[in-house]
Amino acid sequence: MDYIEIYKEEFELVRSRLGPARLKHSLGVAETAQQLAEKYGADPAEAYLAGICHDIAKELPRAEQLALLQKSPLADDAEILQHKQLWHAPAGAVLLAELQEHYPRLNEAVQGACLWHTLGRPAMTLLESLVFVADLIEPGRDFPDLPPIRQAVWQDLTSGICACMQGVIGFLESEGNFVHPLAYEAWAYYKKGQ
Ligand SMILES: [Fe+2]
Ligand SMILES: [Fe+2]
């Protein structure tokens with residue numbers, strides 16, 4: 001199935017907002033999410049679309065990201081406000097919701113996958129989980145701990161989510177960077193479920 005043909009219009013929305021490198025990443029996430037959906041029983045087409053859209057706000061000017069974030073349910077989260085790298089996920093979800101009027105396939109499920117793709121959260125939907133892990137393991141990614149993380153994702157989704165969270169949080173901690181409390185909460189949730 002040629003998903004890029006099915007979602008031509010939505011892809012244009014993303015293509016006009018992202019440079020070539022991030023567009024390639026988005027296509028990698030889309031294909032990975034679609035393949036994972038086939039394995040784990042989600043809708044492959046919807047997973048592909050969510051993958052395409054997950055970083056739609058990442059290259060918008062900061063002021064635009066902030067204006068969108070202020071309309072998000074996470075607008076009152078002081079820690080998100082303080083950390084600009086966390087803005088694009090809630091901002092993207094709001095942007096997708098605004099576009100939904102003319103592009104009805106950008107539905108709440110797709111918006112949710114965009115909203116939670118960076119932090120994760122406890123009890124993600126299947127679609128949210130697939131985009132969360134696909135963002136980290138898509139073919140364009142390369143870092144030393146990636147092979148076992150990829151393997152975990154394809155073996156068992158919960159273990160895979162844990163491995164992704166451990167990888168991301170461990171990396172942020174080792175660099176002395178901020179980790180949002182929700183990311184720790186989500187990790188604890190999935191560790192218990194393993
Ligand atoms: Fe992102
Ligand atoms: Fe991404």
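This is a walk through a predicted model, from its iron site to its helix packing.

Start at the metal. The iron ion (ligand 1) takes three protein donors: D55 through OD, H88 through NE2 and H117 through NE2. They lie 2.1 to 2.2 Å from the ion. Along the chain, these donors follow the spacing D-x32-H-x28-H. A second metal sits beside this one. The iron ion (ligand 2) is 3.5 Å from the iron ion (ligand 1), and D55 coordinates both. D55 comes from the loop between α4 (44-53) and α5 (62-69), while H88 belongs to helix α7 (residues 88-99), so the pair ties together parts that are 33 residues apart in sequence. Both D55 and H88 are buried.

Now step to Q65, which touches one of these donors. Q65 lies in helix α5. Is Q65 buried or exposed? Q65 counts as buried, at 1% relative accessibility. Setting aside neighbours within four places in sequence, Q65 is in contact with H88. The other contacts of Q65 are A57, K58, E59, L60, K84, W87 and A91. N107 is 42 residues from Q65 along the chain, and the two C-alpha atoms are separated by 20 Å.

Next come the helix pairs. Two packed helices are described by the angle between their axes and the distance between the axes. Take α8 and α9 to begin. Their axes come within 8 Å and cross at roughly 40°. That angle makes α8 oblique to α9. The crossing of α8 past α9 is right-handed. Which residues make the contact? From α8 come A109, V110, G112 and A113. From α9 come L127, E128 and V131. By class, the contact of α8 with α9 holds five nonpolar residues, one polar and one charged.

E128 deserves a stop of its own. E128 is found in helix α9. With a relative accessible area of 5%, E128 is buried; the cut-off for that word is under 20%. Beyond its neighbours within four places in sequence, E128 is in contact with G112, A113, W116 and R121. Between the C-alpha atoms of E128 and L99 there are 19 Å, with their positions 29 residues apart along the chain.

The loop that leads into α9 has a feature of its own. A123 is found in the loop between α8 (108-115) and α9. Phi of A123 is near 55°, a positive value in a residue other than glycine. Most residues other than glycine have a negative phi. A123 is partly exposed, with a relative accessible area of 42%.

Move on to α9 and α10. The axes of helix α9 (residues 126-137) and α10 come within 10 Å and cross at roughly 150°. That makes α9 roughly antiparallel to α10, because angles over 145 degrees count that way. The crossing of α9 past α10 is left-handed. On the α9 side, V133, L136 and I137 make the contact. On the α10 side, L146, I149, R150, V153 and W154 take part. How do the residues of the contact of α9 with α10 divide? Seven are nonpolar, none is polar and one is charged.

Then follow the chain into α11. Helix α10 (residues 146-155) and helix α11 (residues 157-174) have axes that come within 6 Å and cross at roughly 155°. That makes α10 roughly antiparallel to α11. The crossing of α10 past α11 is left-handed. In α10, the residues that meet α11 are I149, A152 and V153. Their partners in α11 are L157, S159, G160, A163, C164 and G167. By class, the contact of α10 with α11 has six nonpolar, three polar and no charged residues. I149 and V153 of α10 also take part in the contact with α9.

The last stop is A183. Its place is in helix α12 (residues 181-192). A183 is buried, with a relative accessible area of 10%. Not counting residues up to four places away in sequence, A183 touches L119 and I169. W116 is 67 residues from A183 in sequence, and 9.9 Å from it in space, C-alpha to C-alpha. W116 is also among the contacts of E128.

Methods: Residues are numbered from 1 along each chain as its sequence is written. Chains are lettered from A and ligands numbered from 1 in the order in which they are written. This is a predicted model: local features need pLDDT of at least 70, side-chain atom pairs count only at pLDDT 80 or more; totals for chains, interfaces and linings use all residues. Side-chain values use heavy atoms; hydrogens and water are left out. Axes are lines fitted to C-alpha atoms, for helices over the stretch in contact, and angles run from 0 to 180 degrees between N-to-C directions. Helices (H or I, at least four residues) and strands (E, at least two) are DSSP runs, numbered from the N terminus. Angles under 35 degrees count as roughly parallel, over 145 as roughly antiparallel, 65 to 115 as roughly perpendicular and the rest as oblique. A crossing is left-handed if the near helix is turned anticlockwise from the far one by less than a right angle, and right-handed if clockwise. Contact means heavy atoms within 4.5 Å. Ala, Val, Leu, Ile, Met, Phe, Trp, Tyr, Cys and Pro count as nonpolar, Asp, Glu, Lys and Arg as charged, and the others, Gly among them, as polar. Buried means under 20% relative accessible area, exposed over 50%, partly exposed in between (1.4 Å probe, protein chains only). Donors are N, O and S atoms within 2.8 Å of the metal (3.2 Å for Na, K and Ca); water is not among the atoms, so sites may look incomplete.
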